[in-house]
Amino acid sequence: ESEMSAGEALSGVELDVANLQLELLRLGAARARDGVVAVVTFGELYEDPRSEQLFEALAGTLRAAKKRKVIAFKGELLLKGVSDKVEIELLKPPPDGMEPATVTIHSNQ
C-alpha cells in the first residue's frame, strides 16, 4: 500500500487551490505579515512563468480559493492590466506534504 501524497489526495478545484497556495507562498512569503502567510500582486502571479503553466483558469482558481477563505483580495474579479497592483493575501498555508507541481516551462525563444 503506497501512501498518497497530499497532492494526489486532492482533485480538480481543490488541487488547483492547493497549487495556488504553494505558488503564492513561493512568490510572496517574504512579504508575510500579521495573520497573512504571503502577499503577491495579481500582476506578479499572472506574469509568473510557473503559474502561467499551472493554471488554465487563473481567475476561476482565485475565485474558488477566495470562496474557501484561503486567500483574500479586494473586488470580485481580477483582470490583467486593471488588477495588476491588487494584492492577493494568502491566509492559509498549503496542505501538509503538498509537493510543488511539476511544470514544463516553455521559453518563448
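What should the 17 residues of α2 span at 1.5 Å a residue, and how far apart are its end C-alpha atoms? I looked this up before anything else. The expected span is 24 Å, and the end C-alpha atoms are 24 Å apart, which agrees. I took the expected span as 1.5 Å times one less than the number of residues.

**Ground rules.** I am working on a predicted model, where local features need pLDDT of at least 70, side-chain atom pairs count only at pLDDT 80 or more, and totals for chains, interfaces and linings use all residues. Residues are numbered from 1 along each chain as its sequence is written, and side-chain values use heavy atoms, with hydrogens and water left out. Helices (H or I, at least four residues) and strands (E, at least two) are DSSP runs, numbered from the N terminus.

**Sheet.** I traced an open sheet of three strands in the order β1-β3-β2, with antiparallel pairing. Strands β1 and β2 are the edges, as each pairs on one side only. I count two strands as paired if DSSP finds at least two bridges between them. Strand β1 (residues 38-41) shares four bridges with β3. Strand β2 (residues 71-72) shares two with β3. I then checked Leu90 in β3. Ala38 stands opposite Leu90, and so does Ile71. Ala72 has Glu89 as its bridge partner in β3.

**Faces of β3.** Which residues of β3 point to the buried face? I found Ile88 and Leu90 there, while Glu87 and Glu89 point to the other face and are not buried. Buried means under 20% relative accessible area, exposed over 50%, partly exposed in between (1.4 Å probe, protein chains only). The alternation is expected, because side chains in a regular strand alternate between the two faces of the sheet.

**Helix α2 on the sheet.** I went back to α2 (residues 12-28). Its buried residues include Val17, Leu20, Leu24 and Gly28. Among the elements covering the buried residues of α2 are α3 (42-47), α4 (49-54) and α5. The strands β1, β2 and β3 are also part of that cover. Contact means heavy atoms within 4.5 Å.

**Thr41.** I picked Thr41, which lies in strand β1. Is Thr41 buried or exposed? Thr41 counts as buried, at 19% relative accessibility. Leaving aside neighbours within four places in sequence, I find Thr41 in contact with Asp84, Lys85, Val86 and Glu87. A polar atom of the Thr41 side chain lies 3.5 Å from the backbone oxygen of Asp84.

**Salt bridges.** How many salt bridges does the count come to? I get nine, taking each as a side-chain nitrogen of Lys or Arg within 4 Å of a carboxyl oxygen of Asp or Glu.

- Arg68 pairs with Glu14, the closest N and O atoms being 3.1 Å apart. The two are 54 residues apart, with Arg68 in the loop between α5 (58-67) and β2, and Glu14 in α2. Arg68 is partly exposed at 30%, as is Glu14 at 37%.
- Arg33 pairs with Glu89 at 2.6 Å, N to O. This pair is 56 residues apart: Arg33 is in the loop between α2 and β1, and Glu89 is in strand β3. Arg33 is partly exposed at 38%.
- Lys80 pairs with Asp84 at 2.8 Å, N to O. Lys80 is partly exposed at 36%.
- Glu23, Arg26, Asp48 and Arg50 form one network through salt bridges that share partners.

Technical notes: A polar contact is a pair of N or O atoms within 3.5 Å; within protein, one must be able to donate a hydrogen and the other to accept it, and residues adjacent in sequence count only if both atoms are side-chain atoms.
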